[in-house]
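The following report covers aromatic contacts, strand pairing and charged side chains, and is best read with the structure in view.

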Amino acid sequence: MMEVFKAVTCPVCACLCDDLEVTVDKGKIVDVKNGCAFSKSKLLNYNGKQRVLKPLIRKGNDFAEVSYDEAVKQAAKLLTEANYPLFYGWSMTSCEAIRVGIELAEEIGGVIDTTSTICHGPSTLGIQDVGLVSSTLGQVRHRADLIIYWGSNPLIAHPRHMERYTVFSKGRFQEKRKLVVVDVRETETAKKADLFIRIEPNKDFEVLQALRVLIRDDELDVEKVAGIPVATLEKLAEMMVECKFGALFFGSGLTMTEGKNRNVDAAISLIRDLNRITKFIIMPMRGHFNVTGADMVFTWQTGFPYAVDFSMGYPRYNPGETSAIDILLRQESDAALVVASDPVATLPRKAAEHLVKNPLIVVDPHMSATAKLADIVLPSTFVGIEAKGTAYRMDNVPLPLKKIVEPPTGILSDEDILSKILFEVRRLKENAS
Amino acid sequence: MENVTVCYLDEDSMKKLGIEEGETVRISTKHGSTILKALKFHGEQPNIVFVPYSPWINNIVNPDTNGVGMPSLKGIPAEVEPVKGGHVLKLEELLRGILGSRNDGGF
């Protein structure tokens with residue numbers, strides 16, 4: 001019999017659209033309403049041929065199927081024997097699983113880091129430097145009359161962001177809004193803009209600081225900034241000053257280019273300055289569905305949002321030193337546990353090369369690129385499809401992830417797998433003492 | 001894989017560099033090089049090659065984190081040249097390269 005699940009939270013990006021209607025027939029998802037192309041693709045195809053259905057341990061060039069007990073035992077042994085293990089990933093699992101992961105990293109005395117480290121880590125640094133004027137996405141939807149996307153292409157990367165929260169949405173108090181896009185290229189989102197400003201690559205900091213000057217009614221003694229005529233920037237400054245409620249959403253166009261966290265400092269400072277004149281908020285366009293939740297759980301458990309080092313017996317945080325990529329580039333880690341992430345596919349090549357030299361344990365539903373190179377693969381359920389949990393939307397609002405269908409027989413959740421490894425690690429440590 | 005083994009150039013850049021749509025190109029930075037299929041970008045994007053985030057470009061990005069933990073994955077100076085009939089690596093070939101130094105495994 002067909003069953004329709006309503007108000008399902010989408011486990012793809014940090015928009016966490018919670019209005020999906022998912023139809024299940026004989027234990028299989030057969031239809032998804034309201035979802036974007038990414039959402040439909042994941043929910044309808046998650047159980048494909050790349051699914052791992054048995055724990056695996058590497059035997060030379062091949063993997064051998066083993067029991068969870070055996071794989072957990074071996075994983076715990078590798079981690080307890082290591083001096084400086086790295087626990088990496090966490091952005092595509094539940095807050096409940098992340099909590100256990102942090103406990104495991106603390107128990108072993110390793111470094112735990114999230115994919116923020118290679119995405120919006122600089123945003124966190126910027127926020128720690130100068131604070132953040134922000135709001136929920138609901139407030140933006142109902143009140144904002146000016147939307148700016150800076151270094152971000154939501155029509156492609158967050159397909160329903162504009163439809164649910166900004167220019168294509170109808171708010172209670174605000175239906176029409178102006179759209180400004182600042183980017184190095186005329187993206188799909190830029191083509192929809194009332195004003196598109198094409199900026200030279202790596203020049204965001206200069207433009208943001210120029211705008212800070214212009215909104216104060218001061219003059220710039222140059223004709224162009226980053227290839228943009230000052231008159232165009234004056235037009236943007238005027239739109240910013242004259243709006244009633246503005247919202248600036250920024251993407252990795254600020255965090256991954258020259259300036260990194262200093263670009264974010266400048267963007268937040270611009271918004272802070274604007275709040276002397278009008279109401280304006282700023283928000284990072286977070287990527288994976290629970291990368292925000294990872295920051296949250298890390299912060300409430302350790303005091304720090306990512307790149308937390310427990311090797312001294314207490315949490316230390318110093319991105320650039322305790323961050324995953326720096327540790328891998330310095331070739332310091334001697335084992336790694338990767339959960340809900342694919343660093344071999346996403347890290348710079350030199351970092352990935354050191355990662356796979358480590359004894360490598362992967363917890364993932366799929367045979368990802370990282371899993372292909374692992375020593376131990378522990379298959380897990382898909383959170384938000386086969387397991388419930390909690391995730392945080394990009395505006396720091398927690399939402400429930402539902403269990404819609406049963407997982408394949410015998411497959412455990414990330415939380416259960418990590419709890420088993422933690423239990424085994426504690427048993428090994430007790431025996432050793 | 002075909003969605004990420006491509007790069008996008010605007011019409012002017014393709015003309016200037018003598019690149020036909022669908023032809024393979026070599027993208028080189030001071031960190032390495034990679035071969036991808038060139039597609040036309042329908043919009044303003046002068047002197048920029050846009051490449052989707054994937055394992056195929058991890059050897060050409062700048063791994064230096066400037067002491068803040070974040071490598072530079074955008075805004076990297078690069079050269080683009082046509083390579084007629086160039087070989088776009090398969091994922092297995094790429095992974096074999098990453099695994100190369102380990103000497104105890106493969107697939």
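A residue is called buried when its relative accessible area is under 20%, exposed when that area is over 50%, and partly exposed in between. The model discussed here is a predicted one. On this scale B:Phe50, with a relative accessible area of 28%, is partly exposed, and B:Tyr8 falls in that class too, at 25% relative accessibility.

## Aromatic contacts

Over all chains, a search of the whole structure finds six aromatic pairs. In one of them the ring centres of B:Tyr8 and B:Phe50 lie 6.3 Å apart while the ring planes make an angle of 45 degrees, and the pair is therefore tilted, given that planes under 30 degrees apart would count as stacked and those over 60 as edge-to-face. Because B:Tyr8 belongs to strand S1 (residues 6-10) of chain B, whereas B:Phe50 sits in the loop between strand S3 (32-41) and strand S4 (79-82) of chain B, the pair ties together parts that are 42 residues apart in sequence.

In chain A, one aromatic cluster is formed by A:Phe304, A:Tyr306 and A:Tyr317.

Which charged ends sit over the ring of B:Phe41? The charged end of A:Arg185 sits over this ring at 4.3 Å from its centre, and the charged end of A:Lys191 also sits over the ring of B:Phe41, at 5.3 Å from its centre.

## Chain B and its sheet

Chain B contains two helices and four strands, and its elements, read from the N terminus on, follow the order β-α-β-β-β-α. Along the principal axes, the C-alpha trace of chain B spans about 45 × 35 × 20 Å. Of the 107 residues in this chain, 44% count as buried. Among the contacts in chain B that involve residues at least 6 apart in sequence, 67% join residues at least 24 apart.

In what order do the four strands of the open sheet in chain B stand? The order is S1-S3-S2-S4, and the pairing is mixed. Since S1 and S4 of chain B stand at the edges with a single partner strand each, one side of each is left without a neighbour in the sheet. From one strand to the next, the twist averages 45 degrees.

Strand S2 (residues 24-29) of chain B and S4(B) run antiparallel and are joined by four bridges. Within S2(B) and S4(B), B:Val25 stands opposite B:Pro82. Strands of a sheet pair through backbone hydrogen bonds, and the pairing may be parallel or antiparallel.

## A hairpin in chain A

An antiparallel pairing is also found in chain A, where strand S2 (residues 20-25) and strand S3 (residues 28-33) pair over five bridges. A:Val22 stands opposite A:Val32 in S3(A). S2(A) and S3(A) form a hairpin with two residues between them, and A:Lys26, in the turn, has a positive phi of about 50 degrees.

## Salt bridges

How many salt bridges does a search of the whole structure find over all chains? The search finds 30. Side chains of opposite charge can pair when their charged atoms come close. Three of these salt bridges, within chain A, are set out below with the N to O distance and the relative accessibility of each partner.

| Acidic partner | Basic partner | N to O distance |
|---|---|---|
| A:Glu163 (37%) | A:Arg160 (7%) | 3.0 Å |
| A:Asp309 (1%) | A:Arg316 (23%) | 3.3 Å |
| A:Glu406 (57%) | A:Lys403 (38%) | 3.3 Å |

The partners differ in their surroundings as follows. In the salt bridge between A:Glu163 and A:Arg160, A:Glu163 counts as partly exposed, whereas A:Arg160 counts as buried. In the salt bridge between A:Asp309 and A:Arg316, the acidic residue A:Asp309 counts as buried, while A:Arg316 is partly exposed. Where the side chains of A:Glu406 and A:Lys403 meet, A:Glu406 counts as exposed and A:Lys403 as partly exposed.

Beyond such individual pairs, A:Arg99, A:Glu103, A:Glu107, A:Glu415, A:Arg426 and A:Lys429 are linked in a network of salt bridges.

Key. Residues are numbered from 1 along each chain as its sequence is written. Chains are lettered from A and ligands numbered from 1 in the order in which they are written. This is a predicted model: local features need pLDDT of at least 70, side-chain atom pairs count only at pLDDT 80 or more; totals for chains, interfaces and linings use all residues. Side-chain values use heavy atoms; hydrogens and water are left out. Rings of Phe, Tyr and Trp (its six-membered ring) pair if their centres lie within 6.5 Å; planes under 30 degrees apart count as stacked, over 60 as edge-to-face and the rest as tilted. Buried means under 20% relative accessible area, exposed over 50%, partly exposed in between (1.4 Å probe, protein chains only). A charge sits over a ring if NZ of Lys or CZ of Arg is within 6 Å of the ring centre and within 35 degrees of the ring normal. Two strands pair if DSSP finds at least two bridges between them. Axes are lines fitted to C-alpha atoms, for helices over the stretch in contact, and angles run from 0 to 180 degrees between N-to-C directions. A salt bridge is a side-chain nitrogen of Lys or Arg within 4 Å of a carboxyl oxygen of Asp or Glu. Contact means heavy atoms within 4.5 Å.
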